[in-house]
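Reader: I'd like to learn how to read a fold from its coordinates. Could you walk me through this one?

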Amino acid sequence: MKRTLANRAAEIAPFHVMDILAQAKQLEAQGRDVVHMEVGEPDFETPQPIIDAGIKALKAGKTHYTPALGLPELRQAIADWYQSHYQVNIAAKRIVVTPGASGALLLVMGALLEQGKKIMLADPGYPCNRHFARFVEGQINSVAVDADCHYQLNAGHVEQYWDETTTAALVASPSNPTGTVLNRDELIALSAAVKARQGTLVVDEIYHGLTYDGFEAPTALSIDDDAFVINSFSKFFGMTGWRLGWLVVPEEFEPVMDRLAQNLFLAAPTMSQYAALQAFKTDTLAILEQRRQILEHRRNALLPALRDLGFVIPNTPQGAFYLYADCSDILNEHIPDSMALSRYLLQEAGVAITPGLDFGCYRAGQHCRFAYTTDEARLLVAAERIGRALR
């Protein structure tokens, strides 16, 4: 029997990096050594205090559903984090606990988009943003960004490209794949431009906490109380596999989010929520600060090594754990684009990286992403291997 696939499913593209990862695993199964710089997940384990809290919750029988918007204690702990860390007062009832930041993205897109409405996104950017928009029958107002604007949407883009069908703008600070950050003045101007068009600002802050050179990324909530802000326990807090994120919404959206969460995923994982209560404690934060410093050292080692090899990285990233590199000077008739380069480096150098095609269309074939998610010595081994392969 021939079945018809829904258009929305057919139009959602796979991650090209997963193909690279699968090939890398095959090479490893054959005995090859591969340096993994493709997947956005650091090599650190979840901090032990969080693991212990999760085990304690299981032993105590904390295995039943929580309310759809999350465990009340955790919602309050997140609200307290905004007060202590950002000096921003957010009512706990505005916090929605979700199954990862992906769950938060789905709620935002479901609440703000529908057929005929667009959300403005930067290209390059995190690919799931456009895929979630498509899933709810929304459309993308895609804006090409480059090093001149630090690969970020700004007020000028809103003034130039906003149209009558655009209803929201989504930015990520720090950004995946570029690691660039919006400063306070840029956020203020962006928020004002969106509000002037009766639009909604959505800010992905999942890499908050992972910033460098003494820079602290401001939360959009300190500027725009009407913004939707997405965050996660995956990146800074090291809880990728626990699948836990959160969303801060304007107060009037709480009933809408409750209804959507009840129907889409019922509730976030209970064990993960109890474990996350430990994430904001002093002993856990000390571990996380040590890891942030390690990531900063890795960036400082890998960045000049790649530049010496001919990769152009005009903006030193201030956050996350990625380097988005222009590889135009390296490409040739045998390696015509970043996808071919990714495959070549995997086969010839045993180094796995991500092609720019995963992050959009604008000059995607001339860019690739390096994740500094393995230890510094391995990163330098990778750079040495890449150099030999390119020579």
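Author: Happily! Let's begin with secondary structure: this predicted model has 13 helices and twelve strands.

Reader: What does the radius of gyration say about the protein's 391 residues?

Author: The idea is to set the value beside the one expected for a compact globule. For 391 residues that expectation is near 21 Å, and the protein has 21 Å, so the two agree. As for the extents along the principal axes, the C-alpha atoms fill a box of roughly 60 × 60 × 55 Å.

Reader: Which percentage of the residues is buried?

Author: Counting residues under 20% relative accessible area as buried, the share is 55% of the 391 residues. On the outside, the protein exposes about 16,800 Å², with carbon and sulfur atoms supplying 50% of that area.

Reader: And how far apart in sequence are the contacting residues?

Author: Take the contacts between residues at least 6 apart in sequence: 73% of them join residues at least 24 apart.

Reader: How far apart are the mean positions of the positive and negative charges?

Author: There are 34 positive and 45 negative charges, and their mean positions lie 6 Å apart.

Reader: Now a sheet, please. What is the strand order in the open sheet of three strands?

Author: Read across, the order is β9-β12-β11, and the pairing is antiparallel. β9 (322-326) and β11 (354-355) each have a single partner strand, so they stand at the edges, with one side of each left without a neighbour in the sheet.

Reader: How many bridges join β9 and β12?

Author: Five bridges, in the antiparallel sense, with β12 covering residues 367-371. To see one of the pairs, find L323: its bridge partner in β12 is F370.

Methods
Residues numbered from 1 in each chain as written. Predicted model: local features only at pLDDT ≥ 70, side-chain atom pairs only at ≥ 80, totals over all residues. Heavy atoms only, no water. Helix = DSSP H or I, 4+ residues; strand = E, 2+ residues; numbered from the N terminus. Rg over C-alpha atoms; globule rule 2.2 N^0.38 Å. Buried < 20%, exposed > 50% of the residue type's maximum accessible area, 1.4 Å probe, protein only. Contact = heavy atoms within 4.5 Å. Areas by Shrake-Rupley, 256 points an atom, 1.4 Å probe, with all protein chains shown as cover. Lys, Arg positive; Asp, Glu negative; His and termini not counted. Charge placed at Lys NZ, Arg CZ, Asp CG, Glu CD. Pairing = 2+ DSSP bridges.
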